[in-house]
Amino acid sequence: MLTRRAAFALFGTVVLAWGCNWPVTKILVATVPPLWITALRCWIAFAALVAILGATGRLSLPPRGDAPVILGVALLHMVAFSTLTAAGLAYLPAGKAIVLGYTTPLWVALAAPVILGERLTRGSAIGVATGLAGLAVLLNPFAFDWTARDTLIGCALVLAASLCWAANILVGRAHRWIAPPLQLLPWQTALAGTVLTLAALLREGPPHVDWNGGTIGLLAFSGLVGTGLAYWAMSMVTRSLPALATALGVTATPIVGIAIAMTVLGEPLDGTLAVAAVLVVGGIVASTVAASR
């Protein structure tokens, strides 16, 4: 267990790392195919997690009963979500992609009553409606060019990614966990890395990449910091802070990502994106608070 101050400091680092991952991926897709980006990121994260858990004496083979959640996280989140968002970032600005990608909690809130039998409270329904209003603002025909093929493809890819992430969350909620989530992560990243590597070889062949210092550094950051170390740090945070605090804190990730995209990539923050981000994040916050009650 961490002290409250140390937990909040580590949590801030996680949010910053996850927020940075979107602009970093946006830069990488210009030179590295999306399948290879996610495959390499998984293998780097696998190495980091094996080193961390091995050093702390917590590395062990996964129980057979946790197979459904290993498959769910590996295939729905690490393979589908990561690959689809990377592909979508080839067509969309990072700021717009972040807002679309983080609509995931809205789909979870809508699907959970049907699939898991959870109750959708009035407060949660208001939060979901607010978030969907933000999505409508982002995609409104006055600010969104529905005739641009690349934009349509990018939005479809990232929204599909958010639905895959939502499906993964529902699988995790329904599953009766045996091992702690952190101890399953190395095997989830290994499975995802294997699937992604085979898919990348079949579809794209060996990666033809200019392996310069910048590309290597960005891949190292994405796999080591943005994935492996961030998941480890988040497991420490969730053990040290209330669940509501961590759920609300994660909503800062898209705001951080938009700010970094503006600073590093020079993306403008127009009124539509700002209003959409506020509504989507605000809706998620309202839904989360209502659910916690």
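Trainee: Which side chains meet in a salt bridge at 2.9 Å, N to O?
Mentor: In this predicted model, the structure holds one salt bridge. The N to O distance of 2.9 Å lies inside the cut-off, which is within 4 Å, and the side chains that meet there are those of Glu118 and Arg173.

Trainee: How many residues apart are the two partners of that pair, and where do they lie?
Mentor: Glu118 sits in the loop between H5 and H6, while Arg173 belongs to helix H7. The pair therefore links distant parts of the chain, with Glu118 partly exposed because its relative accessibility is 32% and Arg173 partly exposed because its value is 45%. Along the chain, the partners are 55 residues apart.

Trainee: Which residue with a positive phi follows H5?
Mentor: Helix H5 covers residues 104-115, and its 12 residues reach 16 Å from the first C-alpha to the last, close to the 16 Å expected at 1.5 Å a residue. After this helix comes a residue whose phi is near 75 degrees, namely Gly117.

Trainee: Which helices are included in what covers the buried residues of H5?
Mentor: The residues of H5 that are buried are Thr104, Leu106, Trp107, Val108, Ala109, Ala111 and Ala112. Their cover includes helix H4 (94-101), helix H6 (122-138), helix H7 (149-174) and helix H12 (271-292).

Trainee: Why does the span of H12 agree with what its 22 residues should give?
Mentor: The expected span is 1.5 Å times one less than the number of residues, so the 22 residues of H12 should span 32 Å. The end C-alpha atoms of H12 agree with that expectation because the distance between them is 31 Å.

Trainee: Against which helices do the buried residues of H12 pack?
Mentor: Among the buried residues of H12 are Leu273, Ala276, Val280, Ile284 and Thr288. The buried residues of this helix pack against H4, H5, H6, helix H10 (243-250) and helix H11 (252-265).

Trainee: Which residue caps the N-terminal end of H12?
Mentor: The contact runs from a side-chain oxygen to the backbone nitrogen of Thr272, at a distance of 3.3 Å, and the cut-off for a polar contact is within 3.5 Å. The capping residue that supplies the oxygen is Asp270.

Trainee: What accessible area do Leu71, Leu75 and Val195 have together?
Mentor: Leu75 lies in helix H3 (residues 67-89) and counts as partly exposed because its relative accessibility is 37%. Together with Leu71 and Val195, Leu75 forms a nonpolar patch on the surface, whose accessible area is about 220 Å².

Methods. Residues numbered from 1 in each chain as written. Predicted model: local features only at pLDDT ≥ 70, side-chain atom pairs only at ≥ 80, totals over all residues. Heavy atoms only, no water. Patch = residues over 30% accessible without salt bridge, like charges linked within 9 Å, V, L, I, M, F, W, Y side chains within 5 Å. Areas by Shrake-Rupley, 256 points an atom, 1.4 Å probe, with all protein chains shown as cover. Helix = DSSP H or I, 4+ residues; strand = E, 2+ residues; numbered from the N terminus. Buried < 20%, exposed > 50% of the residue type's maximum accessible area, 1.4 Å probe, protein only. Contact = heavy atoms within 4.5 Å. Polar contact = N/O pair within 3.5 Å; in protein donor to acceptor, adjacent residues only side chain to side chain.
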